[in-house]
Amino acid sequence: MDSLKSILTEGKSDKQPRHSYTIYRNRHSEAEGMSSVEMRDMEPDVDDEEADLTIVSDIANLVLKKPHDKKKALTYLVLIGLFLFLTAFLLGYVAFRSTCQAYSEFKDELPTVASDDPYEAFSTGDEEELYWVDLKRLMQKYLDPAPENIEKIVKRVSSRSHPPGTGEKDLLGMEILDQFSQYRLDHVWTDSHYVTLQFPDRGNPNRLQSIDATTGKQDTLMEDAEAYCAYSGTGSVTGGLVYANYGRMEDFQALLDIGVSIKNHIAIVRVGEINYAEKAANAQSFNAVGLLIYPDPADIPQDPRGLGLPANIPIYGHVHLGTGDPFSPSFPSFNHTQFPPIQSSGLPKILVQPVSADVASRLLSQLSGQDAFRGWKGRLSYTGYRLGPNFTIPGKQLRLTVNNRMIPTMINNIFASIEGKVDPDHYIIIGAQRDSWGPGAAKSGVGTAILLELARCMSEMVQNGFKPLRSLLFASWDAGDFGSVGATEWLEGYLTMLHLKAAAYISVDKAVLGAEKFYTQLSPLLANVVESIIKQVEYPNQSGQSIYTRVSRRDQKWKTNVFKALSLDSSAYAFTSFGGVPAVEFTFADSFRNYPFLNTRLDTYENLNAILQGRLTDVAKTVAEVAGLVALKMAHDYLLPLDYRCYSDVLLQYTSKLSEFYPELESQGLTLQWIYSARGDYHRAAEKLKKAIYNSEEHNERLNRMYNVKIMRVEFYFLSQYVSTIDCPFRHIIHGRGSHTFQALLDHLTLLRSNPQKFNETILRNQLALVTWTLQGAANALSGDVWNIDNNF
């Protein structure tokens, strides 16, 4: 087939020589008796400038009668011509500049995402060019078989439980490795780590018992050889029971405010609002000795038609307040690493156990004490929702026993890649969790299916003319159910190079939990490109209506509901907060009910498809298209479509909140001026970079690479260089966790009003320094070379 270039040039003749024009002049003696052709042949060639002067001379001859005036007139005419030429040039320059300035001002109002013009070409320097509309059409074409393939893959992955360290998980890994190899990708490889995971002891299961202190009688309320919370403390504790709603900090504080102490007692909390690890950390901070977590019908549907969670099924979860192997924090768990004798500070010391709604109902119905707050009452049957800690039977207490075991386990991440043609050392990473405690249709099956389909689709696109500028990496992560262990260990192992090479991470975990609403968890750097893509993808089963139209109609604040902050239980969180890589995760869910089978042994293909009324594969294909187009955009725009200016607005929101405490700070002799200055420096640096890019040549590869390197490191700039990765692994001052973050600074400032006795000026000064200098460092890095930075320290 002819190339695009040959088609465009077909039918055109060879390049024609430039026409020359001969100026005829009177030659009295030579011209006599000669024909016009002979006169022309003997005439020397005259270039354009000489021709113009000759014309002027001839005009002067016609106008002037006196020979001695000819030279003078010619001089005047030349000067007049030059004057007119310069005047016209200056007027044209001024007009053009004002037009450019007007366009620049208009352009400032546009998103920073590269144009979605269907006729915007992507070229790698070869003869044939592909336009954005061609790339979209190619992706849609090769995703056509996706629904059928997704169904087969989800059924295979979720056919049985496949936690790390089991033969079933290893077999599944080999099949995925084989699939990657069959897709004829450029590279396929595995990456192994030796980690410490916690599993239940099937020979000595966890127990929950009620004990009558008067008679010594024991009644076993729960004995489960499977249900457990990974990384719980182990042992046995005894105490009363306190109902603490969702286990948030404000819930425990509310109990304390009315005189209900949880100290030396076991707390019982509902699933939802925050993750299990945060619930455990909060309970421990208020001196509880144990924690029970149950699914309340108000949060998790438990209807009798089979589309709800049975009342006797608990929900699994891990309680490590962090990601990765907690026994090698910030160090990669390769087998040759000599681990330091430390543990993650996020490991709880208290005992934590999931229980079913039936067990919770039985316990709560026997509690005495004050009535729970109105907003704390769920929908358990025959339950009065009292707070405890005592039971209606005098002397009754609970005993919780957890016998989980730590087991060294080898895990394997599986990778495949397509090399970029211009910047192969810049990566766009697409990843999904592979393991699951239960069948894991929603937890790992759908994500794995989307990952494999995108790898197949991209491979077929490459074979049909697709040439990515940057490399595409496909990653199947192991041990995701234990806190993104596989993904985090890989980040830790290659952290030094990844902040220089990874441009973005796209997670397809837990992508389909329903079909009624769409939302994302993301870094603000990716918000514009995601908004651009959802305008181009149809909502599942809504022909002619884009995702953007569906989520934005009749809702002016739709971005708040669709663009959410990254959460700790997302695999994308570690990439941004620990690795400094912009990340995004997509999810379809139902509006008024949570998917009830997530993290249970009932998370099967049949149940998930029934919840979606047979639309599972269609919704999954839509997620694949959105994720694929975002990856395509990131891999093929000349300039990375990361909105580096967005953090100027994010920082402005934080500084506005800080300003509310200006009077209290002033009374302490403190000022926020340095934070304001650092934020201003970042804003100016971002605007300076925008103008430099705007005024540069669009297709200059050297300049584009220089700008892209600077843009892709913006997220990394916000990782605080002043805190230890061992003590504070999530060093991002906006998305991270720890005293170095903007949120921690705000929380501490609120103590000036809510609880002045707990306010610590020394801690606040340290927090101000950490936030200010990390922000100033980000501004300096974005600004450029040190000799171009104007800091008045």
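Begin with the whole chain displayed as a surface: its accessible area comes to about 37,100 Å², and carbon and sulfur atoms account for 52% of that area. The model on the screen is a predicted one. Of the 793 residues in the chain, 52% are buried. Switching to a cartoon brings up 26 helices and 20 strands. If contacts between residues at least 6 apart in sequence are considered, 77% of them join residues at least 24 apart.

**First stop: an open sheet**

Select β8, β9, β10 and β12. These four strands form an open sheet in the order β8-β9-β10-β12, and their pairing is parallel. The edges are held by β8 (241-243) and β12 (351-354); each has a single partner strand, so one side of each has no neighbour in the sheet. On average, neighbouring strands here are turned by 25° against each other, direction ignored.

Now restrict the view to residues 266-270, which are β9, and residues 290-294, which are β10; the two strands pair in the parallel sense over five bridges. Which residue of β10 is the bridge partner of Ile268? The partner is Leu292. Add residues 276-285 to the selection to show helix α9, which packs on the sheet and touches β9, β10 and β12. The direction of α9 makes about 145° with that of β10.

**Second stop: the loop between α10 and β13**

Move next to the loop that runs between α10 (357-364) and β13 (396-402), where Pro389 is found. Display the backbone at Gly388 and Pro389: a cis peptide bond joins them, with omega at about 10°.

Two tyrosines of this loop deserve a selection of their own. Tyr382 lies in the loop between α10 and β13, and Tyr385 is also placed there. Tyr382 has a positive phi of about 55° although it is not a glycine; for Tyr385, phi is likewise positive, at about 55°. Is each side of this pair buried or exposed? Tyr382 has a relative accessible area of 79% and is therefore exposed, whereas Tyr385, at 2% relative accessibility, counts as buried.

**Third stop: helix α14**

Select residues 527-534, helix α14, which is mostly covered: eight of its eight residues are buried. Among them are the polar-named positions to label first, Asn528, Glu531 and Ser532. Ala527, Val529, Val530, Ile533 and Ile534 are buried as well.

**Fourth stop: helix α22 and His683**

Select His683, whose place is in helix α22. This histidine is partly exposed, with a relative accessible area of 31%. Its side chain makes a polar contact with the side chain of Ser648, at 2.9 Å. Label Tyr644 too: His683 and Tyr644 are 39 residues apart in sequence, and their C-alpha atoms lie 9.9 Å apart in space.

**Last stop: helix α23**

Finally, select residues 701-712. This is helix α23, with 12 residues and a reach of 16 Å from its first C-alpha to its last, close to the 16 Å expected at 1.5 Å a residue. At the N-terminal end, Asn700 acts as a cap: one of its side-chain oxygens lies 3.1 Å from the backbone nitrogen of Arg702.

Show the side chains of Leu703, Asn704, Tyr707, Asn708, Val709, Ile711 and Met712, which are buried. What do the buried residues of α23 pack against? Their partners are strands β15 (423-433), β16 (470-477) and β17 (502-507), together with helices α13 (495-501), α22 (673-694) and α24 (714-717).

Notes: Residues are numbered from 1 along each chain as its sequence is written. This is a predicted model: local features need pLDDT of at least 70, side-chain atom pairs count only at pLDDT 80 or more; totals for chains, interfaces and linings use all residues. Side-chain values use heavy atoms; hydrogens and water are left out. Buried means under 20% relative accessible area, exposed over 50%, partly exposed in between (1.4 Å probe, protein chains only). Contact means heavy atoms within 4.5 Å. Accessible areas come from the Shrake-Rupley method with a 1.4 Å probe; for residues, only the protein chains shown count as cover. The expected span of a helix is 1.5 Å times one less than its number of residues. A polar contact is a pair of N or O atoms within 3.5 Å; within protein, one must be able to donate a hydrogen and the other to accept it, and residues adjacent in sequence count only if both atoms are side-chain atoms. Two strands pair if DSSP finds at least two bridges between them. Axes are lines fitted to C-alpha atoms, for helices over the stretch in contact, and angles run from 0 to 180 degrees between N-to-C directions.
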